[in-house]
Every structure is written in C-alpha cells, then in structure tokens.
Amino acid sequence: MNDVEGLCEPRFEAVRETLADLLGKDDVGASAAVCIDGELVVDLWGGYADADRSIGWERDTLTCVNSTTKNMTALCALILADRGLLDLSAPVAAYWPEFAAAGKEKVLVRHALSHTAGLPDLTAPTKVEDLYDWEGVTAGLAAQALEWEPGTAAGYHALTFGFLVGEIVHRVTGRSLGEFFAEEVAQPLGADFHIGLSAVDDHRVAPLIPPPSSTDEYAPSAPPGPDGRRREYTGAAVRVRDVNSVDWRRAQIPAVSGFGNARSVALVQSALANRGSVGGVRLLSPRGCEPAWEETFSGEDRVLRTPMSWTVGFAKFGNTFGWGGWGGSLVASDPDSRMTVAYVMNQMIDRERREDDRGMEIIMAAYSGLR
C-alpha cells in the first residue's frame, strides 16, 4: 500500500512523491510534515503500523522517535532560559547542588545541552530497567567523574543528555521533563507528542521494526574510529524490544523515549524556526530561539567519531539545525526560510550496513518547494 494520505500544498508535491517512493521501497509505515511560518503546509502519512502489514498507518499513529526526542528536551530548556528562570552560562550545580561532586562544579548548563559536558555515558545502569529509576540514575550521574574538561571537547551524550537536562528542568520547575513539555509545549500547540506515554494511547502505537536481517534484539553500537576500534561501552544496551515495551512507553527518558509522528515533531520544532511562535501561540521570544542555531562547538565528536557542529541543544548542518533518532526519524529547521521538516517511520535501517537517506530525501523534497 503506497497510497499517501493527508495535506500537501501543490508546491510541495515532491514531498508526497518522495514519501510514496519510500513506502514502495524501504518503509513499512511513515509520516512526513513541513511547517512554514509555523503553519503546516505538508502533513502526510501512509503504509502500515505493523510488520505484518495488516494495520494501516493512520493520521494519529504514533511511534517512538528515539533521539529525535532530544530536540523536544532542548526546547524545554530554551523556554526556561527565555523566561529568565535558567541561565545557560550558569553551573549545573547552581540548580542541582549534588552535581558538583567529583570535580563537576565547572560544568555549565550550555555544556550539558551541547554534548560537551564530559559525561557521554552512564556508568551505573547496566540494565535497561535501571533507566526507569529517575532518582537512581540522576544520583549516579551526580556522583560520576568527568571524561574531559567541560567545553574542551564534544562526545555525543546519547542517554545522559536527557537525564542532565531533565534534572535541571526538574530542579528549576518542580516538574518532570515530560510534565513540563506536556503542559508548556504540547498542550498549548495541540501537538500529539509525548514523553511518558499514557496507556490510553497504546492502541495508536506503531512498534519499531528492526532492520532487515535483524531481530528485536538489535541494539545500537558505537561507530568505529579511524583505527577501526570502537569506543568501549559497558552501560545498558537498549534493544528494539525494549523500545517496544510498555515500560518504555511509560518511562521518561528524555533523550530517547518520546512518542509522536511527523506532524507533532514538525509543529513543536517550528517554534524555533519561526522565531518562537506557532499558529499564533508564542512559546519563546525571537531572541530566545537563537541559541538553537548558534554554534558552540565544532570539531571531531569523540563518540560519533565524525566532525560535528553542536549548538545549545542541537546539531548544526549548514543553515539548518535539528537531530534524528536511532533507526531513521529526523527533524531539521531552517530559521532563514522559517521551515521545519520532519520524518517519522517504524522500519529501522542499520546504518552500519547501508546509508539511510530517507529523512534527507524528504528534506530535499521540501526545499524544492521553496524555489
């Protein structure tokens, strides 16, 4: 079933065609969305919500977007900074005093948001179940020592990003990251994105499908360096079956456990591309958006083993900023054109075996509509 449903302004017909092509090749079910000036101009979906291709992907189908969640978590911090409740240049310990242990008193909030804090791995949790214990994980993180001097190097904080930023948000607001996001972002915008999914939404979830030739034991691995060696990691290994579990849906792991679709991802992130406003709802001021695209680090990422440009909360690629999730989801915002593009799917691709260009194909198709 390659039929694509939904809204698509004529000038963005290439996005519809691209999504249809992907559904005819690699994808099982997927959605794509484009926002211009904070308004949806593309909102498309198609395919199936299950590996057996027996349940259609509907308008309100949700799936776990893995690290695309980081974009949402970063936005929460920028909102607090814009309100004057959080100083991006202050030490994390100013809000979370216990965090100063083990020589971490010089870690700034902006370091936590830009993957330069020196805490790329969680050393305490060894099982996925441990990640569901917020107090236990954050206490362990507060006790950890640094791998490098904050701000001098970058290394992708795959899981720690969410616990660091999430605990800062909790200390400032008294609310969990998921609660703050729901009340201050999702609800005002009417965005169907969740960090901590309710049981009432379980019937809408499209489980992630492991890459072809893999099973639900499939887990991400660190990319090899120039010498062919991989970064050693002894923490909890998240598998596809973990992400598809009920416990994962209920948990708040703000780096990776968000559930949504392309429409909700694009709507939320378009606030930053559109100078803080979406559909008449203002989340933050135009100036409060600027840290999202202002580079704070450029160089070799010690974890990803590739040159990266990090801003306060996002990766920067030319004029765009955003980030994607394990398996293929992606969002990118362009503040010059006030455009945000999102792609969310259930079929994962192992990037070690082959390049995954699906999200980029959707983005390039969207840019063709601006000409």
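**Exercise 1. Ala-255**

Leaving aside its neighbours within four places in sequence, which residues is Ala-255 in contact with? Place the residue in the chain and classify its exposure too.

Solution. The model is predicted.
- Step 1: locate the residue. Ala-255 sits in the loop that runs from helix H8 (246–250) to strand S6 (258–260).
- Step 2: list the partners. Beyond four places in sequence, Ala-255 contacts Asn-66, Ser-67, Thr-69, Lys-70, Ala-158, Leu-159 and Gly-162.
- Step 3: classify. The relative accessible area of Ala-255 is 0%, so the residue is buried.
- Step 4: take a distance. Phe-180 is 75 residues from Ala-255 along the chain, and their C-alpha atoms are 15 Å apart.

**Exercise 2. Asp-43 and Arg-59**

Find where Asp-43 and Arg-59 lie, and compile the contacts of each.

Solution.
- Step 1: start with Asp-43. Asp-43 belongs to strand S3 (residues 39–47).
- Step 2: check its exposure. Asp-43 has a relative accessible area of 6%, under the 20% cut-off, and is therefore buried.
- Step 3: look at its side chain. A polar contact of 2.7 Å joins the side chains of Asp-43 and Arg-263.
- Step 4: list its contacts. Residues up to four places away aside, Asp-43 touches Glu-5, Gly-6, Leu-7, Ala-32, Arg-59 and Arg-263.
- Step 5: move to Arg-59. Arg-59 is in the loop between S3 and strand S4 (63–64).
- Step 6: classify Arg-59. Its relative accessibility is 47%, so Arg-59 counts as partly exposed.
- Step 7: list its contacts. With residues up to four places away left out, Arg-59 touches Asp-43, Trp-45, Asn-261 and Arg-263.
- Step 8: add one separation. Arg-59 and Asn-261 lie 202 residues apart in sequence, yet 8.8 Å apart in space, C-alpha to C-alpha.
- Step 9: combine. Arg-263 appears among the contacts of Asp-43 and among those of Arg-59.

**Exercise 3. Asp-192 and Asp-202**

Which side chains make polar contacts with the side chain of Asp-202? Treat Asp-192 in the same exercise.

Solution.
- Step 1: place Asp-202. Asp-202 is in the loop between strand S5 (194–195) and helix H7 (240–243).
- Step 2: name the polar partners. The side chain of Asp-202 reaches that of Arg-249 at 3.2 Å and that of Arg-250 at 2.5 Å.
- Step 3: widen to contacts. Apart from residues up to four places away, Asp-202 touches Leu-197, Arg-249 and Arg-250.
- Step 4: place Asp-192. Asp-192 lies in the loop between helix H6 (177–189) and S5.
- Step 5: classify it. Buried means under 20% relative accessible area, so Asp-192, at 19%, counts as buried.
- Step 6: find its polar partner. The side chain of Asp-192 makes a polar contact with that of Arg-204, at 2.6 Å.
- Step 7: list its contacts. Not counting residues up to four places away, Asp-192 touches Asp-60, Leu-62, Arg-204, Phe-259, Gly-260, Asn-261 and Ser-264.
- Step 8: take a distance. Asp-192 and Val-278 are 86 residues apart along the chain, with 14 Å between their C-alpha atoms.

**Exercise 4. Positive phi**

Describe the backbone and surroundings of His-115 and Arg-275.

Solution.
- Step 1: recall the background. Most residues other than glycine have a negative phi.
- Step 2: read the angles. Phi is near 65° in His-115 and near 60° in Arg-275.
- Step 3: locate both. His-115 is in the loop between helix H3 (109–113) and helix H4 (134–143). Arg-275 is in the loop between helix H9 (262–273) and strand S7 (277–278).
- Step 4: classify both. His-115 is buried, at 2% relative accessible area, whereas Arg-275 is partly exposed, at 24%.

**Exercise 5. The whole chain**

Does the radius of gyration of the chain agree or disagree with a compact globule? Summarise the chain as well.

Solution.
- Step 1: count the elements. The chain has 11 helices and 14 strands.
- Step 2: compare the radii. A compact globule of 371 residues would have a radius of gyration near 21 Å; the chain has 19 Å, which agrees.
- Step 3: give the extents. The C-alpha trace spans about 55 × 45 × 45 Å along its principal axes.
- Step 4: consider burial. Of the 371 residues, 58% count as buried.
- Step 5: consider contacts. Among contacts with a separation of 6 or more, 68% link residues 24 or more positions apart.
- Step 6: consider the surface. The accessible surface is about 14400 Å², and 48% of that belongs to carbon and sulfur atoms.
- Step 7: consider charge. The chain carries 34 positive and 52 negative charges, whose mean positions are 3 Å apart.

Note on methods. Residues are numbered from 1 along each chain as its sequence is written. This is a predicted model: local features need pLDDT of at least 70, side-chain atom pairs count only at pLDDT 80 or more; totals for chains, interfaces and linings use all residues. Side-chain values use heavy atoms; hydrogens and water are left out. Helices (H or I, at least four residues) and strands (E, at least two) are DSSP runs, numbered from the N terminus. A polar contact is a pair of N or O atoms within 3.5 Å; within protein, one must be able to donate a hydrogen and the other to accept it, and residues adjacent in sequence count only if both atoms are side-chain atoms. Contact means heavy atoms within 4.5 Å. The radius of gyration is taken over C-alpha atoms; the globule rule is 2.2 Å times the number of residues to the power 0.38. Buried means under 20% relative accessible area, exposed over 50%, partly exposed in between (1.4 Å probe, protein chains only). Accessible areas come from the Shrake-Rupley method with a 1.4 Å probe; for residues, only the protein chains shown count as cover. Lys and Arg count as positive and Asp and Glu as negative; His and the chain ends are not counted. The place of a charge is taken as NZ of Lys, CZ of Arg, CG of Asp or CD of Glu.
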